[in-house]
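Student: Could you take me through one part of this model closely, starting from its open spaces and then turning to the helices around them?

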Amino acid sequence: MAHLAVAGGQPLRQTPFPPWPVWDQEEVAAVRAVVESGRWGAQQGTEVRGFEAEFAAYQEAADGIAVTNGTVALKLALTAAGVGVGDEVIMPGYTFVATATAALEIGAVPVFADIDPDTYTLDPVSTAACITPRTRAILPVHLGGRPADMDAIMALAQRHGLVVIEDAAQAWGASWQGRKAGTLGHVAGFSFQSSKNITAGEGGIILTNDAAIGALARSLSNCGRQPDGLWYAHYVLGGNYRLSELHGAILRVQLRRYPPQLARRQANAAYLEQALSEVAGMTTLRQDERVTSNAYHILFLRYYREAFGGASRERFLAAIRAEGIDAMHAGYSLPVYRQPALRAKNFGLATPPLFSGVYPEMPDYSQVAWPVTDRACDAEALWVRHNVLLGERQDMDDIVAAIDKIQRYSDELQE
Ligand SMILES: Cc1ncc(COP(=O)(O)O)c(C=O)c1O
């Protein structure tokens with residue numbers, strides 16, 4: 001008789017993991033109050049301004065500019081930091097596509113470096129090897145809420161006169177050597193899209209300690225206006241990237257709820273990582289005491305098929321889902337440099353300056369291959385979702401028990 005549920009045996013678990021988003025009547029009341037106030041735009045109300053101040057304070061940054069989403073936050077952060085047409089921006093290939101499209105949309109050129117196999121964040125050695133006379137910026141991603149090696153990245157940037165834009169889309173409350181994400185580089189972009197640990201369905205924010213960058217980012221997000229200018233006077237080529245009061249109101253509630261959630265995710269992650277360190281064929285990322293707070297948007301595991309009878313990661317995932325553990329997935333299945341749009345240089349009209357002689361020729365991304373990034377996408381990475389980490393100890397134990405069960409009966413994994 002089969003033991004594994006995927007082969008016809010009994011599933012290990014029947015109950016679902018905690019859902020996401022987490023909300024209650026506080027969000028409802030906050031939205032209702034905005035609706036009833038009639039002040040739906042940030043120019044009239046106090047919610048967006050309040051959230052900007054509160055989130056910047058939480059991240060210990062001087063200035064916060066709320067915008068429509070994380071992609072826009074990165075695009076405006078890049079522009080405000082002086083990155084523009086034909087400038088090369090070094091970034092990891094193991095990230096959401098928006099890290100690269102934010103650069104492409106302003107006519108800058110993404111250059112991909114590899115990631116560190118033990119942290120899944122930008123590898124400083126690979127980054128250094130990518131620097132050319134055209135490099136203007138480094139765009140490290142605090143992937144899954146784990147800060148990149150900002151000591152090495154900032155030292156490299158300083159040596160070469162580069163600006164550093166943090167992709168902190170997943171890094172609310174994260175810190176490196178006691179300093180919060182968003183204050184480690186020159187400017188940063190965060191996301192509040194629906195999957196994120198703080199969310200209003202959509203939303204983003206730019207954080208910076210640099211007053212000039214902050215002022216320009218705010219102007220860019222508000223149609224090029226200036227604080228002391230006329231409403232219909234526009235001083236730079238900006239757009240309307242403002243967030244609404246409805247979003248601001250929800251985000252303020254979500255931020256108030258966040259610190260205990262973060263602590264719970266961190267406690268469950270520590271427990272799960274410890275338990276899984278004893279399971280063969282599954283490793284966690286490196287513990288690094290310089291990561292003083294990991295936001296655990298994603299808890300990463302590395303899967304080694306040899307320990308599971310040669311079963312592919314996808315087969316393992318089918319098996320664990322069949323056990324009733326809908327807690328994991330494979331994450332990014334393509335490095336950004338293998339995305340069809342980049343391979344085909346299918347940039348539409350978004351970056352016409354790229355084709356007007358400012359930059360000699362776009363890189364041929366089909367020639368880019370980085371071993372660690374490719375392996376993470378193709379076979380190795382497993383992502384545990386952040387909502388799972390809001391569960392009870394029993395939930396963590398069930399994950400470990402399911403992995404252990406699949407390994408014990410891995411002969412049943414034959415496809
Ligand atoms: C690493 C990373 N960068 C950028 C973004 C873009 O954020 P948004 O979806 O809010 O535009 C996201 C989120 O989707 C992300 O995870």
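Tutor: What follows looks at the pockets of this predicted model, and then at two of its helices.

The largest pocket holds about 510 Å³ of space. Its lining is made up of 29 residues, and those closest to the centre are Gln170, Gln193, Ser195, Lys196 and His297. Three elements, namely α3 (70-80), α4 (98-104) and β14 (381-385), each give two or more residues to this lining. By residue class, the lining of the largest pocket divides into 11 nonpolar, 14 polar and four charged residues.

The second largest pocket has a volume of about 370 Å³, and 20 residues line it, with Arg49, Arg218, Asn222, Arg225 and Pro227 closest to its centre. Here the elements that contribute two or more residues are α2 (47-58) and α7 (211-221), and α7 supplies the largest share of the lining, five residues. The lining of the second largest pocket comprises nine nonpolar, six polar and five charged residues.

Returning to α3, which gives residues to the lining of the largest pocket, one finds a helix that is mostly covered, with nine of its 11 residues buried. The buried set consists of Gly70, Val72, Ala73, Leu74, Lys75, Leu76, Ala77, Leu78 and Ala80, so that a lysine is listed there, taking "buried" to mean under 20% relative accessible area. At the N-terminal end of α3, Asn69 acts as a cap, with a side-chain oxygen 3.0 Å from the backbone nitrogen of Thr71. After the helix comes Gly82, whose phi is positive, near 95 degrees.

Helix α8 can be examined through its length. Its 32 residues (residues 245-276) should span 46 Å at 1.5 Å a residue, and the C-alpha atoms at its ends are 43 Å apart, which agrees with that expectation. The helix nevertheless bends by about 45 degrees at Tyr258, and a proline, Pro259, follows within four residues. At the start of α8, a side-chain oxygen of Ser244 comes to within 3.2 Å of the backbone nitrogen of Leu246.

Gln274 also belongs to helix α8. Gln274 counts as partly exposed because its relative accessibility is 47%, a value that falls between the 20% limit for buried and the 50% limit for exposed. The C-alpha atom of Gln274 is separated by 58 Å from that of Ala233, although the two residues are 41 residues apart along the chain.

Key. Residues numbered from 1 in each chain as written. Predicted model: local features only at pLDDT ≥ 70, side-chain atom pairs only at ≥ 80, totals over all residues. Heavy atoms only, no water. Expected span 1.5 Å × (residues − 1). Bend = angle between axes of the 7 residues up to and from the residue. Polar contact = N/O pair within 3.5 Å; in protein donor to acceptor, adjacent residues only side chain to side chain. 1 Å grid on protein atoms, 1.4 Å probe; cavity = no way out; pocket = protein on both sides within 12 Å on 5 of 7 lines; lining within 4 Å. Points joined across faces, edges and corners; volume = space filled by probe spheres on them. Nonpolar A, V, L, I, M, F, W, Y, C, P; charged D, E, K, R; others polar. Buried < 20%, exposed > 50% of the residue type's maximum accessible area, 1.4 Å probe, protein only.
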